[in-house]
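Reader: I would like to learn how to read a structure one feature at a time. Could you walk me through it?

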Amino acid sequence: TSVEPAAGAEPAMEGAADSAAATWTRSDWLPKAIDEKLRRVTGARNHMLTDYAHSRTLLDADVLFSDASELLHYLPRAAQIGFLSPFPSQWLPDAGAPPFRNAQRVLMGVEMVFVYALLPFLLVAVWIWKARQGLWVLLLPALIWLMVYSTTVPMVGALVRYRYPVMILLLALAVAGLLETLRKVGRGSGPVSRTGSSGAMESTS
């Protein structure tokens with residue numbers, strides 16, 4: 001939700017238009033360096049909202065941040081957008097869009113069906129290999145990248161391009177989780193059936 005200017009606050013981004021302007025209040029409970037980085041994130045978001053106010057793929061255009069708490073409370077929504085957008089309502093052609101854009105929307109919808117099917121196996125991969133340091137070396141920077149861009153870039157069309165490198169990595173981990181799951185299921189079903197059959201043979205002998 002949009003916020004009202006707070007007393008004693010400083011501009012989040014100098015020169016931002018009124019429609020996307022927010023104020024930033026320093027949070028004393030955060031180190032100054034971290035608070036400043038979050039203020040810069042807010043400024044980047046305001047810049048995007050100003051320059052792309054009429055984008056057809058704009059999400060949460062009314063969401064502005066006045067302090068670190070508001071930004072941090074938005075992170076679950078940012079994660080939803082980062083992982084799951086474009087949403088199904090954006091997969092169908094738009095009457096006001098040119099034909100090639102509508103073709104892109106439909107193709108992106110097909111792509112997102114596969115993304116939705118694979119993402120649960122990302123959690124499986126994290127669970128299986130959670131003790132390996134290499135997993136976190138890859139995963140944490142990718143998640144930070146995704147969260148920063150899903151917070152600062154409210155246009156889905158642009159976000160899809162910005163997140164592409166890390167989504168390839170995350171989906172590769174998800175595929176690895178899927179393959180490992182299939183391998184364990186296959187390995188587990190074989191011995192069970194053989195044990196069961198041998199047990200049955202022993203009981204009849």
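Author: Happily; we will go from the overall fold to the core, the pockets and a few single residues. Keep in mind that this is a predicted model.

Reader: Let's begin with the fold. How many helices and strands does the chain have?

Author: There are 5 helices and 2 strands in the chain. Followed along the sequence, they come in the order β-β-α-α-α-α-α.

Reader: What share of the chain's residues is buried?

Author: A residue is called buried when its relative accessible area is under 20%. By that rule, 37% of the 205 residues count as buried. The accessible surface of the chain is about 12300 Å², and carbon and sulfur atoms hold 66% of that surface.

Reader: And what do the contacts say about residues far apart in sequence?

Author: Take the contacts between residues at least 6 apart in sequence: 66% of them join residues at least 24 apart.

Reader: Now the interior. Which residues have the most contacts inside the largest nonpolar core?

Author: Those are Leu122 and Leu170, in a core of 45 residues. Two or more residues of this core come from each of α1 (32–51), α2 (68–84), α3 (99–128), α4 (133–152) and α5 (156–204). The largest share, 10 residues, belongs to α5. For a close-up, pick Leu122: setting aside residues up to four places away in sequence, Leu122 touches Phe83, Leu170, Leu173 and Ala174.

Reader: On to pockets. What is the general idea behind finding them?

Author: A probe the size of a water molecule, rolled over the atoms, shows where empty space is left. In this model, the largest pocket has a volume of about 650 Å³. Its lining has 21 residues, and the closest to the pocket centre are Thr57, Arg101, Gln104, Gly157 and Arg161.

Reader: Which helix gives the largest share of the lining of the largest pocket?

Author: That is α5, with 6 residues. Both α3 and α5 supply at least two residues of this lining. Sorted by class, the lining has 11 nonpolar, 6 polar and 4 charged residues.

Reader: How much space lies in the second largest pocket, and which residues line it?

Author: The second largest pocket holds about 180 Å³. Among the residues lining this pocket are Lys37, Leu71, Ile144 and Thr151. The helices α1, α2 and α4 each give two or more residues to the lining, and α4 has the largest share with 4. By class, this lining has 8 nonpolar, 1 polar and 1 charged residues.

Reader: I would also like to check backbone geometry. What is the usual expectation?

Author: Most residues other than glycine have a negative phi, and most peptide bonds are trans. Two places in this chain are worth a look with that in mind.

Reader: Where is the cis peptide bond?

Author: The cis bond joins Ser85 and Pro86, with omega about 0 degrees. Pro86 sits in the loop between α2 and α3.

Reader: Is Pro86 buried or exposed?

Author: Pro86 has a relative accessible area of 6%, so it is buried. Beyond its neighbours within four places in sequence, Pro86 is in contact with Trp91, Met108, Met112, Tyr116, Val156, Val160 and Arg163. One of these partners, Met108, is 22 residues from Pro86 along the chain, and their C-alpha atoms are separated by 7.7 Å.

Reader: And the second place: which residue other than glycine has a positive phi?

Author: Asp60 has a phi near 55 degrees. Asp60 lies in the loop between α1 and α2. Asp60 counts as buried because its relative accessibility is 18%, and the cut-off is under 20%.

Reader: Could we finish with a residue in a helix? Why does Val175 count as partly exposed?

Author: Val175 is part of helix α5. Its relative accessible area is 33%, so Val175 counts as partly exposed, a class that covers values between the buried limit of 20% and the exposed limit of 50%. Val175 and Ala125 are 50 residues apart in sequence, while their C-alpha atoms are 8.5 Å apart in space.

Conventions:
Residues are numbered from 1 along each chain as its sequence is written. This is a predicted model: local features need pLDDT of at least 70, side-chain atom pairs count only at pLDDT 80 or more; totals for chains, interfaces and linings use all residues. Side-chain values use heavy atoms; hydrogens and water are left out. A nonpolar core is a set of buried Ala, Val, Leu, Ile, Met, Phe, Trp, Tyr and Cys residues joined through side-chain atoms within 4.5 Å. Buried means under 20% relative accessible area, exposed over 50%, partly exposed in between (1.4 Å probe, protein chains only). Contact means heavy atoms within 4.5 Å. Accessible areas come from the Shrake-Rupley method with a 1.4 Å probe; for residues, only the protein chains shown count as cover. On a 1 Å grid over the protein atoms alone, a cavity is a set of points where a 1.4 Å probe fits but cannot get out, and a pocket is an open set with protein on both sides within 12 Å along at least five of seven lines; lining residues have an atom within 4 Å of a point. Grid points are joined across faces, edges and corners, and a volume is the space filled by probe spheres set on the points. Ala, Val, Leu, Ile, Met, Phe, Trp, Tyr, Cys and Pro count as nonpolar, Asp, Glu, Lys and Arg as charged, and the others, Gly among them, as polar.
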